[in-house]
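Here is a short, friendly tour of one protein chain. Have the sequence and the 3D view open side by side while you read.

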Amino acid sequence: MKKKSLIAMLLSVCLLTTACSNTPGNTINPEDSSLPVIEIDRGGEVLLEVKGVDGRPFVPGGSAITAASAILGYYGISIKPADLRAYADIEESTSYVDGTPSPWKMIVGNPKGTLSFYYAPPIVNMINKYYNDYPSKCKGRTVKDVSGSDLTTLKGYIDNKKPVIVWGTITGNAAVVVDEYCWVTDEGEEVQCKMSPRCYAMIGYNNSEVILVSDNGKTLNVMNETFTEMYESMESQAVLIE
């Protein structure tokens, strides 16, 4: 077979695969391909009307703060990510040596947002501070650290019309392996952190996928297996805004 013909054939297979992947209910399994079978069933969909927010440029805690802003907007509370960030406890740092604060207590990150560490508690504290400053606007709403919730529980929150901030890192529909950093905090506690968490607003699901809003304001459909892998890789961190 001529080289040009082989290239044309490969391009045809790629185009066919891409077209099929965007069609609900299709099974992707090109003949003589080593790719796994991917079945997408978009039945049983539940989707909350959360409007995506573009929170760029990225800064420490940017994706979690953007997800929180989008979810607050869903409840009729309008605040831009840049304004909500003022309520966060942030330690700007370009190196993560002994003496750096704990990401369980503060958002720790590079001012340019190239590398940051934080878990659910600092995000819960940030939202609570905002609630406390605007009690009439927030009308008694609460925020909870629901880390450790499994996928079934997270879907239950969606069923109850409550979007959730979730932690994880993905590229396309693949979970990304994240590096770990270790240091001894300013309080003498040894911490082991995952690199550059990316947070999303979980706004829905269907039989095969979890539906997320990213910090660029766009909606992502992520396979259940991929979501579970990325979510668990980030210590199953989640925050429920009510």
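## Two hairpins, a small sheet and a pocket

Let's start at a turn: in the hairpin that β11 and β12 make, with five residues between the strands, G188 adopts a positive phi near 80°. Please keep in mind that this is a predicted model. The two strands of this hairpin, β11 (residues 180-184) and β12 (residues 190-194), pair in the antiparallel sense over five bridges. To find your place in the ladder, look for Y181, which stands opposite C193 in β12.

Further along there is another hairpin to visit. β14 and β15 form it with five residues between them, and G217 in its turn has a positive phi of about 90°. Strand β14 (residues 209-213) and strand β15 (residues 219-223) run antiparallel and are joined by five bridges. A handy landmark here is E209, whose bridge partner in β15 is M223.

The table sets the two hairpins side by side.

| Strands | Bridges | Turn glycine and its phi |
|---|---|---|
| β11 (residues 180-184) and β12 (residues 190-194) | five bridges | G188, positive, near 80° |
| β14 (residues 209-213) and β15 (residues 219-223) | five bridges | G217, positive, about 90° |

Next comes a sheet. Strands of a sheet pair through backbone hydrogen bonds, either parallel or antiparallel. Three strands build an open sheet in the order β4-β5-β6, and their pairing is mixed. At its edges are β4 (90-92) and β6 (116-117), each of which pairs on one side only. Strand β5 (residues 107-109) runs antiparallel to β6, and two bridges join them. One of these places V108 with its bridge partner F117 in β6.

Now for the empty space. Rolling a probe the size of a water molecule over the atoms shows where such space is left. The largest pocket holds about 200 Å³. Its lining counts 14 residues, and F58, G113, S116, P197 and R198 are the closest to its centre. Sorted by class, the lining of this pocket comprises four nonpolar, eight polar and two charged residues. S116 is also within the range of the edge strand β6 (116-117).

Finally, step back to the whole chain. It contains seven helices and 16 strands. How much of the chain counts as buried? Of its 242 residues, 44% do. The chain exposes about 12,500 Å², and carbon and sulfur atoms supply 51% of that area. Among contacts between residues at least 6 apart in sequence, 63% join residues at least 24 apart.

Key: Residues numbered from 1 in each chain as written. Predicted model: local features only at pLDDT ≥ 70, side-chain atom pairs only at ≥ 80, totals over all residues. Heavy atoms only, no water. Pairing = 2+ DSSP bridges. Helix = DSSP H or I, 4+ residues; strand = E, 2+ residues; numbered from the N terminus. 1 Å grid on protein atoms, 1.4 Å probe; cavity = no way out; pocket = protein on both sides within 12 Å on 5 of 7 lines; lining within 4 Å. Points joined across faces, edges and corners; volume = space filled by probe spheres on them. Nonpolar A, V, L, I, M, F, W, Y, C, P; charged D, E, K, R; others polar. Buried < 20%, exposed > 50% of the residue type's maximum accessible area, 1.4 Å probe, protein only. Contact = heavy atoms within 4.5 Å. Areas by Shrake-Rupley, 256 points an atom, 1.4 Å probe, with all protein chains shown as cover.
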